[in-house]
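Here are a few exercises to work through with the viewer open. Try each task on your own, then compare your steps with the solution.

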Amino acid sequence: MLHTDRLTIRPWRDDDAPRLLDILGRPEVMRWLGDGEPKPLQDLDEALAKIARFRERSATPPLGGWAVEVTGTGVVAGSVLLLTLPNAEAGEVEIGWWLHPDSQGRGYAREAADAVLADGFAHGLTEIHALTHTDNHPSMGVCRRLGMRDLGVVEKWYSGPSQLFRITAAEHAARG
């Protein structure tokens with residue numbers, strides 16, 4: 001578990017399934033995630049299966065997918081992820097995040113991602129990437145606020161173009 005001033009970044013629990021369904025069942029959230037046509041979650045069984053996949057992905061720190069809980073409220077704002085990119089040739093790692101619309105615009109994505117970046121670098125990662133859809137300006141803004149460098153549009157890890165950002169351990173440390 002990681003803690004920030006306002007957030008607890010923790011493993012997903014089965015009792016989070018209704019909130020996960022509420023978040024990933026929304027087309028306005030899913031439109032930014034993955035390749036191709038958005039596929040919102042349909043029911044609690046799908047949400048529980050997703051939680052099980054998060055557990056599997058989190059078995060080898062610092063990689064994983066975690067719930068971002070607003071401290072003192074118990075409300076899951078969304079998720080932050082640190083995963084090996086699909087088809088990674090050199091083990092490239094990507095950070096990502098998504099939030100419920102009722103939790104957007106409060107700085108939670110930047111705060112959670114910054115804590116996960118620090119943890120990833122503390123575990124020995126030397127650089128971390130972020131890829132966004134080329135029209136996902138809110139996530140691009142989060143990348144910039146995290147001190148990530150915009151490296152332009154690539155068509156490498158996902159089908160279709162993605163905006164690529166990257167930060168190194170040294171760059172993150174220099175931000176203080």
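A residue counts as exposed when its relative accessible area is over 50%, and as buried when that area is under 20%. Keep in mind as you go that this is a predicted model.

**Exercise 1. Decide whether Asn87 is buried or exposed, and describe its backbone.**

Step 1: Find the residue. Asn87 sits in the loop that links β4 and β5.

Step 2: Apply the cut-off. The relative accessible area of Asn87 is 64%, so this residue is exposed.

Step 3: Look at the backbone. Asn87 has a phi near 60°, which is a positive value in a residue other than glycine.

**Exercise 2. Do the same for Ile167: is it buried or exposed, and what does it touch?**

Step 1: Locate Ile167 in strand β8, which covers residues 162-168.

Step 2: Use the other cut-off. Ile167 is buried because its relative accessibility is 0%.

Step 3: List its partners, leaving aside neighbours within four places in sequence. Ile167 is in contact with Leu117, Phe121, Glu127, Ile128, Leu146, Gly147, Met148, His172 and Arg175.

Step 4: Add a distance. Glu92 is 75 residues from Ile167 along the chain, and their C-alpha atoms are 12 Å apart.

**Exercise 3. Work out the overall build of the protein chain.**

Step 1: Count the elements. The chain has 6 helices and 8 strands, and from the N terminus their order is β-β-α-α-α-β-β-β-α-β-α-β-β-α.

Step 2: Check the size. A compact globule of 176 residues would have a radius of gyration near 16 Å; the protein chain has 15 Å, so the two agree. The C-alpha trace spans about 40 × 35 × 30 Å along its principal axes.

Step 3: Consider the interior and the contacts. Buried residues account for 44% of the 176 residues. Of the contacts between residues at least 6 apart in sequence, 58% join residues at least 24 apart.

**Exercise 4. Find which residues touch the most other members of the largest nonpolar core.**

Step 1: Pick them out. This core holds 30 residues, and Val80, Leu82, Ile95, Trp97 and Met148 touch the most other members.

Step 2: Trace where the core comes from. Elements giving two or more residues are β2, β3, β4, β5, α4, β6, α5 and β8, and α4 supplies the largest share, 8 residues.

Step 3: Zoom in on Val80. Beyond its neighbours within four places in sequence, the contacts of Val80 include Ile9, Trp66, Val68, Ile95, Trp97, Ala112 and Val116.

Step 4: Look for a separate group. Another core, of 16 residues, lies apart from this one, and Trp12, Ala17, Leu24 and Leu41 are among its members.

**Exercise 5. Describe the second largest pocket, beginning with its volume.**

Step 1: The volume is about 210 Å³.

Step 2: Turn to the lining. It consists of 18 residues, with Met1, Ile9, Pro11, Ser58 and Trp66 nearest the centre of the pocket. β2, α3, β3 and α4 each give two or more residues, and the largest share, 3 residues, comes from α3.

Step 3: Sort the lining by class. There are 13 nonpolar, 2 polar and 3 charged residues.

**Exercise 6. Find which residues are joined by a cis peptide bond.**

Step 1: The bond joins Pro61 and Pro62, with omega at about 10°.

Step 2: Place it along the chain. Pro62 belongs to the loop between α3 and β3.

Methods: Residues numbered from 1 in each chain as written. Predicted model: local features only at pLDDT ≥ 70, side-chain atom pairs only at ≥ 80, totals over all residues. Heavy atoms only, no water. 1 Å grid on protein atoms, 1.4 Å probe; cavity = no way out; pocket = protein on both sides within 12 Å on 5 of 7 lines; lining within 4 Å. Points joined across faces, edges and corners; volume = space filled by probe spheres on them. Helix = DSSP H or I, 4+ residues; strand = E, 2+ residues; numbered from the N terminus. Nonpolar A, V, L, I, M, F, W, Y, C, P; charged D, E, K, R; others polar. Buried < 20%, exposed > 50% of the residue type's maximum accessible area, 1.4 Å probe, protein only. Contact = heavy atoms within 4.5 Å. Core = buried A, V, L, I, M, F, W, Y, C linked by side-chain atoms within 4.5 Å. Rg over C-alpha atoms; globule rule 2.2 N^0.38 Å.
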